[in-house]
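Here is a walk through one protein model, taken piece by piece. Keep the structure in view and follow each part as it comes up.

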Amino acid sequence: MTTVYPRRVMGVETEFGVTAVRDGTAVLTPEEISRYLFRPVVTAHRSSNIFTENASRLYLDVGSHPEYATAECDSVTQLLNYDKAGELLYNRLATEAEQALADDRVGGNVFLFKNNVDSKGNSYGTHENYLISRELALKSFGTQLLPFMITRQLICGAGMVKKGRFVISQRADQVWEGVSSATTRTRPIINTRDEPHGDSHRFRRMHVIVGDSNMSEPSFALKIGSTLLVIEMLEAGFDLPDFTLDNAIEHIREIATDPTGQTPLRLKEGGTVTALEVQQATLAAAKRWLESRPDEGTPNQEMARVVDLWSRTLDAIASQDFSGVDTEIDWVIKRKLLTQFKDKLGADWDHPKLAQIDLTYHDINPNRGLFYLLQRKGLAKRWTDDESIAEAAAQPPQTTRAALRGRFLAAARAAGVDYNVDWVHLKTNRPEPRTLELLDPFASTDPRVDEFIDYIASLDAEA
């Protein structure tokens with residue numbers, strides 16, 4: 001029987017759009033502004049690819065996209081806190097970059113956008129990672145997931161104005177395969193590249209690259225929580241309806257243009273089912289699963305919050321009365337806001353002012369970004385709080401392997417030793433190379449790490 005992991009390690013990688021603007025005009029190229037952005041990082045660590053004190057990874061990705069990968073987390077709200085901590089860390093870097101631009105007499109404001117498509121149509125992603133059992137065949141497991149994944153945008157899409165119309169997802173138009181090992185050439189919904197970042201005899205890492213970046217905390221919680229529930233049900237062999245599609249990927253862009261959820265999907269065995277019906281049937285199964293789900297990892301009480309929001313969102317789509325979720329679901333919040341401006345302007349969806357508002361929604365600066373203005377006015381609900389996010393920015397999760405990485409980083413940096421880390425390895429390079437391999441992402445304590453840190457402390461004492 002397949003091993004089920006109700007307590008599941010997971011993480012999210014987010015790429016940000018970046019620009020600097022002075023007097024309404026962009027100054028410097030993305031490459032140039034990224035160098036300003038990462039100047040403090042490079043000065044402190046001699047690299048633009050580091051692990052931060054909270055054990056997450058902060059780096060400059062291909063195409064000059066600042067990227068942040070959360071530390072390993074084991075609950076929905078914990079992961080939300082560490083995702084939002086990434087915004088906090090990058091906003092601090094943006095503030096320093098603005099001062100550096102002023103000092104160099106370049107000037108301008110630095111903008112970081114947590115969205116997925118720029119004004120030229122270039123796409124950058126937000127990727128989800130879920131630990132699953134090595135006993136599962138990822139390709140067939142992924143195929144079972146596809147009906148849920150292509151319709152998930154209904155409940156957690158970020159929404160955007162595109163080609164004179166409003167669509168509910170930014171990433172739906174950027175994926176071209178269902179399950180494959182590709183990442184950029186033909187982006188799949190689920191990537192099968194085998195990089196477990198742990199014991200390869202026990203674990204696999206399911207890499208999901210179809211999701212939108214979320215500004216709304218409840219939307220993020222619903223995205224992660226609903227997916228966790230479906231993964232758990234599939235692993236446990238729980239009774240889920242079979243919606244195997246004839247060609248899942250052919251429907252994903254149609255769903256993005258239809259906020260009623262009535263897009264018909266062709267079933268492999270014949271007939272059709274609507275996108276909304278897939279979500280409703282999956283939700284019904286999740287409610288049954290919650291009655292017997294082991295209370296581990298994300299607590300059942302927290303999962304009940306997820307299921308409640310999931311249910312209210314699908315009811316809103318079915319009735320087309322969104323008043324019950326128009327402060328919680330990103331695409332609904334944004335569409336309501338844009339519709340108000342559209343009506344006020346007496347304009348069509350292709351009005352440039354709407355595109356500007358759309359983009360400003362994703363500005364991560366809490367004092368300037370439109371989403372955070374809505375949040376302060378009570379027009380965007382919270383799932384967590386500022387104190388928890390600030391704590392996540394300052395220290396690693398204490399319930400996963402990240403706690404060990406964080407302790408090692410603190411010790412190595414305090415002692416001034418030459419070191420390297422990645423998701424699995426801790427290494428000191430001098431005076432003699434020592435490497436420790438951490439293959440269990442669940443382990444938050446390890447006597448070998450204690451001994452390693454004692455060794456580092458002895459080097460500091462000798463110095």
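The C-alpha centres of domain 1 and domain 2 lie 32 Å apart. This is a predicted model. The domain assignment puts residues 10-391 in domain 1 and residues 400-462 in domain 2. The two domains touch. On the domain 1 side, 19 residues are in contact, and they meet 17 residues of domain 2.

Start with strands 2, 3 and 7. These three strands form an open sheet. Their order is 3-2-7, and the pairing is antiparallel. Which strands lie at the edges of this sheet? They are strand 3, residues 25-26, and strand 7, residues 109-113. Each of these edge strands pairs on one side only. Strand 2 covers residues 17-22. Five bridges link strand 2 to strand 7, in the antiparallel sense. To find the pairing by eye, look for Thr19, which stands opposite Phe111 in strand 7. A helix packs on this sheet: helix 3 touches both strand 2 and strand 7. The direction of helix 3 makes about 155° with that of strand 7.

Helix 3 is a good place to pause. It spans residues 76-103. Besides the sheet, two helices come up as its partners here: helix 1 and helix 6.

Take helix 1 now. Helix 1 runs over residues 30-37. It packs against helix 3 at an angle of about 105°, and the axes are 8 Å apart. An angle from 65 to 115 degrees counts as roughly perpendicular. Helix 1 and helix 3 are therefore roughly perpendicular to each other. Helix 1 brings Ile33, Tyr36 and Leu37 to the contact. Helix 3 answers with Tyr90, Leu93, Ala94, Ala97, Ala100 and Leu101. What classes of residue make up this contact of helix 1 with helix 3? There are nine nonpolar residues, no polar ones and no charged ones.

Now turn to helix 6, residues 217-236. Helix 3 and helix 6 pack at about 135°, with 10 Å between their axes. Angles over 145 degrees count as roughly antiparallel, and 65 to 115 as roughly perpendicular; the value here falls in neither range, so helix 3 and helix 6 are oblique to each other. The crossing of helix 3 and helix 6 is right-handed. From helix 3 come Val76, Leu79, Leu80, Asp83 and Lys84. They meet Glu217, Phe220, Ala221, Ile224, Gly225 and Leu228 of helix 6. The contact of helix 3 with helix 6 holds seven nonpolar residues, one polar and three charged.

Helix 6 has another partner in helix 4, residues 138-151. The angle between helix 4 and helix 6 is about 145°, and their axes are 11 Å apart. Helix 4 passes helix 6 in a right-handed crossing. Phe141, Gln144, Leu145, Phe148 and Met149 are the helix 4 residues in this contact. On helix 6 they meet Ser226, Thr227, Val230, Ile231, Leu234 and Glu235. By class, the contact of helix 4 with helix 6 has seven nonpolar, three polar and one charged residues.

Next, look at strands 4, 5 and 6. Strand 4, residues 49-51, runs antiparallel to strand 5, residues 57-61. Three bridges join strand 4 to strand 5. Phe51 stands opposite Arg57 of strand 5. The two strands form a hairpin with five residues between them. In the turn, Ala55 has a positive phi of about 70°. Strand 5 also pairs with strand 6, residues 65-69. This pairing is antiparallel too, over five bridges. Arg57 comes up again here: in strand 6 it stands opposite Ala69.

The last stop is strands 16, 17 and 18. They form an open sheet in the order 16-17-18, with antiparallel pairing. Strand 16, residues 419-421, and strand 18, residues 434-437, are the edge strands. The twist averages 10° from one strand to the next. Strand 17, residues 425-428, pairs with strand 18 over four bridges. His425 has Glu437 of strand 18 as its bridge partner. Helix 14, residues 402-415, lies across strand 16 and strand 17. It runs at about 160° to strand 16.

Conventions. Residues are numbered from 1 along each chain as its sequence is written. This is a predicted model: local features need pLDDT of at least 70, side-chain atom pairs count only at pLDDT 80 or more; totals for chains, interfaces and linings use all residues. Side-chain values use heavy atoms; hydrogens and water are left out. Axes are lines fitted to C-alpha atoms, for helices over the stretch in contact, and angles run from 0 to 180 degrees between N-to-C directions. Angles under 35 degrees count as roughly parallel, over 145 as roughly antiparallel, 65 to 115 as roughly perpendicular and the rest as oblique. A crossing is left-handed if the near helix is turned anticlockwise from the far one by less than a right angle, and right-handed if clockwise. Contact means heavy atoms within 4.5 Å. Ala, Val, Leu, Ile, Met, Phe, Trp, Tyr, Cys and Pro count as nonpolar, Asp, Glu, Lys and Arg as charged, and the others, Gly among them, as polar. Two strands pair if DSSP finds at least two bridges between them. Domain bounds come from an automatic or database domain assignment.
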